Amino acid sequence: MFISDVHLGSKAAKAVFLIDFLRHHEAETIYLVGDIVDGWRLRRSWHWPQSHNDVVQKLLRHARKGTKIIYIAGNHDEFLRMFQGVHFGGIVVADRAIHKAADGKSYLVIHGDQFDMVVHNARWLAYLGDKAYDMAIMVNRMVTRLRQWLGMPYWSFSSWAKVKVKKAVNFIGSFQDVLADEARRSDVDGVICGHIHHAAIEDFGDVRYVNTGDWVESCTAVVEHFDGSMEIVHWPQAIARPVRRKPLRVPAEMEEAIGKAA
């Protein structure tokens with residue numbers, strides 16, 4: 001399974017939806033493809049409700065049961081890049097990884113922010129865009145509440161607006177091209193990434209581009225089947241069921257890293 005852009009620590013994170021998804025899906029290997037923890041938000045103000053603890057606890061439980069979990073650091077959780085190779089309760093941190101699929105194809109697994117020129121060349125613009133994104137998510141929450149009140153299923157206004165804006169569409173296309181080129185330079189068959197919150201599985205010539213989406217707007221993950229085929233799974237609602245919570249036992253190293261982000 002490939003999961004990215006959960007943004008734990010932000011009010012927009014659909015943590016309850018992700019917990020429900022993890023209850024219904026298991027895998028031999030789980031890749032956390034960046035921005036799982038939102039250090040940018042945590043530095044501005046601390047927000048860490050029980051549901052965010054529950055996500056961490058659920059992942060640690062998977063690791064204790066033998067699931068291999070690889071955490072690829074992103075730009076919002078870039079503080080973890082100083083811990084490459086370190087294990088947090090069975091979860092190993094890396095900047096990138098090569099995944100060998102069941103059909104023999106190899107994939108570069110990377111968050112993707114390294115190829116976002118806005119993030120690297122105009123940091124202030126990235127933070128400004130982050131503020132604008134917060135506003136879009138606020139509108140998204142209002143639309144969601146209205147649709148729930150009307151008995152309608154979840155629908156992401158911010159995701160819809162993003163793909164309707166020409167510049168955003170052009171940016172997505174450019175991002176996909178650049179990541180496909182990086183896969184060719186890495187001599188692999190495809191790339192699996194996150195960062196732009198737009199789930200997709202597309203072929204760019206000889207390279208397969210896979211984006212996991214996010215758990216802020218679209219609530220999507222990518223799963224690999226036993227024949228090596230990839231599928232986007234959309235989990236737009238949480239099935240109500242009682243939750244028996246146990247005290248969260250976060251590894252000391254992870255607690256220290258999260259503290260530094262704040």
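Tutor: In this predicted model, a residue counts as buried when its relative accessible area is under 20%, and as exposed when that area is over 50%.

Student: What percentage of the residues in the protein is buried?

Tutor: The protein exposes about 12800 Å², of which carbon and sulfur atoms supply 57%. Its secondary structure comes to eight helices and 12 strands. Of the 262 residues in the protein, the buried ones make up 52%.

Student: Which residues touch the most other members of the largest nonpolar core, and which element supplies the largest share of that core?

Tutor: The largest nonpolar core holds 36 residues, and those touching the most other members are I3, F21 and W215. At least two residues of this core come from each of α1 (15-24), β2 (29-33), α3 (50-64), β3 (68-72), β5 (91-94) and β11 (220-224). The largest share, six residues, is supplied by α1.

Student: Is α1 mostly covered or mostly uncovered, and which of its residues are buried?

Tutor: Seven of the 10 residues of α1 are buried, which leaves the helix mostly covered. The cover over those buried residues includes β1, α3, β11 and β12 (230-234). The buried residues themselves are A15, F17, L18, I19, D20, F21 and L22.

Student: Which residues are in contact with F21, leaving aside neighbours within four places in sequence?

Tutor: F21 is one of the buried residues of α1, and it belongs to an aromatic cluster together with W215 and W235. Once neighbours within four places in sequence are left aside, the residues in contact with F21 are M1, I3, W215, A221, V223, V233 and W235.

Student: How many aromatic pairs are there, and what kind of pair do F83 and F88 make?

Tutor: The count comes to six aromatic pairs. The ring centres of F83 and F88 lie 5.7 Å apart, and their planes meet at 65°, which is over the 60 degrees that the class requires, so the pair is edge-to-face. Both partners are buried, because the relative accessibility of F83 is 14% and that of F88 is 2%. The kind of pair asked for is therefore edge-to-face.

Student: In what order do the strands of the open sheet lie, which are its edge strands, and what is the average twist?

Tutor: Five strands form this open sheet, with mixed pairing, in the order β6-β7-β8-β10-β9. Since each pairs on one side only, the edge strands are β6 (96-100) and β9 (200-204). From one strand to the next, the twist averages 20°.

Student: Do β7 and β8 run parallel or antiparallel, and which residue in β8 stands opposite L108?

Tutor: Strand β7 (residues 106-110) and strand β8 (residues 190-193) are joined by three bridges and run parallel. Opposite L108, the residue in β8 is V191.

Student: What is the bridge partner of F204 in β10, and which residue of the hairpin takes a positive phi?

Tutor: Over five bridges, β9 pairs with strand β10 (residues 207-211) in the antiparallel sense. The bridge partner of F204 in β10 is V207. The hairpin of β9 and β10 has two residues between the strands, and the residue with a positive phi, near 65°, is G205.

Student: Where does S4 lie, is it buried or exposed, and what separates its C-alpha atom from that of Y31?

Tutor: S4 lies in the loop between β1 (2-3) and α1, and its relative accessible area of 0% is why it counts as buried. Not counting residues up to four places away in sequence, S4 touches V33, G34, I36, G194, T212, G213, D214 and W215. Although S4 and Y31 are 27 residues apart along the chain, the separation of their C-alpha atoms is 8.2 Å.

Student: Which phi values do H197 and C219 have, and are these two residues buried or exposed?

Tutor: Most residues other than glycine have a negative phi. H197, in the loop between β8 and β9, nevertheless has a positive phi of about 60° without being a glycine, while C219, in the loop between β10 and β11, has a positive phi near 55°. The relative accessible area of H197 is 6% and that of C219 is 0%, so H197 is buried and C219 is likewise buried.

Note on methods. Residues are numbered from 1 along each chain as its sequence is written. This is a predicted model: local features need pLDDT of at least 70, side-chain atom pairs count only at pLDDT 80 or more; totals for chains, interfaces and linings use all residues. Side-chain values use heavy atoms; hydrogens and water are left out. Two strands pair if DSSP finds at least two bridges between them. Helices (H or I, at least four residues) and strands (E, at least two) are DSSP runs, numbered from the N terminus. Axes are lines fitted to C-alpha atoms, for helices over the stretch in contact, and angles run from 0 to 180 degrees between N-to-C directions. Rings of Phe, Tyr and Trp (its six-membered ring) pair if their centres lie within 6.5 Å; planes under 30 degrees apart count as stacked, over 60 as edge-to-face and the rest as tilted. Buried means under 20% relative accessible area, exposed over 50%, partly exposed in between (1.4 Å probe, protein chains only). Accessible areas come from the Shrake-Rupley method with a 1.4 Å probe; for residues, only the protein chains shown count as cover. A nonpolar core is a set of buried Ala, Val, Leu, Ile, Met, Phe, Trp, Tyr and Cys residues joined through side-chain atoms within 4.5 Å. Contact means heavy atoms within 4.5 Å.
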